[in-house]
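Open the model in your viewer and keep the selection panel at hand. The stops below go from one selection to the next.

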Amino acid sequence: MKLQAKQKAAKKVEELTGVTLNPNALMDVQVKRIHEYKRQLLNVLSIVHRYQQIKNMTPAERKQVVPRACVIGGKAAPGYVRAKKIIKMVNAVGTKVNSDPDIGDLLKVVFVPDYNVSLAEILIPGTELSQQISTAGTEASGTGNMKFMMNGSLIIGTMDGANVEIAEEIGQENMFIFGHSAEEVPQLRQQRHSLQVRPPLLRLLPLLLLVQQLEVHDRHCLCWNMFCCKPCC
């Protein structure tokens with residue numbers, strides 16, 4: 001039943017974007033309003049990190065990788081420039097990853113346009129991993145998360161929003177929880193000046209600068225620079 005739902009979701013994604021997803025891949029989905037606190041940017045950075053890891057693997061190691069299809073969707077407010085640039089980054093990452101012959105079906109990235117209830121009815125049943133990764137203390141207890149759960153999706157996320165209530169019912173050991181608590185976040189913000197960025201994340205930070213600097217017509221340059229760190233124009 002889940003495979004049929006994934007096949008239906010993959011077919012719809014291909015209709016909307018032209019990207020072919022492998023129905024046998026792990027369906028990793030984050031669909032919600034585009035906002036900094038909802039951390040689609042964190043999701044994108046994790047995808048780029050995964051891409052770099054696969055690129056550095058030997059052919060033998062790649063055979064052990066579980067294929068993953070990363071689907072991101074949502075709408076940005078008309079005046080929310082940063083949210084729009086996050087959408088731009090998702091599409092740029094997808095263009096690079098999906099066209100890399102070394103990666104193939106091991107990793108696919110797609111942004112589904114015009115996310116709405118009708119599209120949710122197709123994507124949610126096919127989801128296997130639901131990204132609920134907002135900064136702790138910022139998310140309301142929405143029903144979107146619960147819909148994924150009721151359709152058999154696993155949750156990766158923070159102790160925030162509906163995750164708190166779901167953990168009470170099913171046990172935190174049945175969820176993939178990471179990050180700090182809502183009580184710890186304010187203290188971390190006060191310590192931001194002394195933050196020690198870990199090397200893996202530090203290598204991804206140039207992406208943020210490029211997204212802020214380049215316009216839509218510089219898409220090709222954005223893709224090249226974010227992965228290769230070399231000038232292309």
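Two strands count as paired if DSSP finds at least two bridges between them. Helices (H or I, at least four residues) and strands (E, at least two) are DSSP runs, numbered from the N terminus. This is a predicted model, in which local features need pLDDT of at least 70, side-chain atom pairs count only at pLDDT 80 or more, and totals for chains, interfaces and linings use all residues. Residues are numbered from 1 along each chain as its sequence is written, and side-chain values use heavy atoms, with hydrogens and water left out.

**The sheet**

Select the strands. In what order do the 6 strands of the open sheet lie? The order is E3-E2-E1-E4-E5-E6, with parallel pairing. Strands E3 (107-112) and E6 (176-177) are the edges, each pairing on one side only.

**Strand E1**

Select residues 26-31, which form E1. Of these 6 residues, 5 are buried (under 20% relative accessible area with a 1.4 Å probe, protein chains only; exposed is over 50%, partly exposed in between), so E1 is largely enclosed by the rest of the structure. Strand E2 (residues 68-73) runs parallel to E1 and is joined to it by 6 bridges. Now pick Asp-28: its bridge partner in E2 is Cys-70, and in E4 it stands opposite Leu-129. Val-31 stands opposite Gly-73 in E2. With E4 (residues 129-132), E1 pairs in the parallel sense over 2 bridges.

**Strand E5**

Move on to E5 (154-157). E4 and E5 run parallel and are joined by 4 bridges. Which side chains of E5 point to the buried face? Ile-155 and Gly-157 do, while Leu-154 and Ile-156 point to the other face and are not buried. In a regular strand the side chains alternate between the two faces of the sheet. Ile-156 stands opposite Gln-131 and also opposite Phe-176 in E6. E5 and E6 run parallel, joined by 2 bridges. Between them the chain passes through H7, and this β-α-β crossover is right-handed (with the strands pointing away from the viewer, the path from the first strand over the helix to the second runs clockwise).

**Helix H7**

Select residues 162-170, helix H7, where Ala-162, Asn-163, Ile-166 and Ala-167 are buried. Seen down the axis of H7, its buried residues fall within an arc of 135° (taken from the directions from the helix axis to the C-beta atoms), so they line one face of the helix. The face turned away from that side carries the exposed residues Glu-168 and Glu-169. End at Gly-171, which follows H7 and has a positive phi, near 90°.

Definitions and conventions: Contact = heavy atoms within 4.5 Å.
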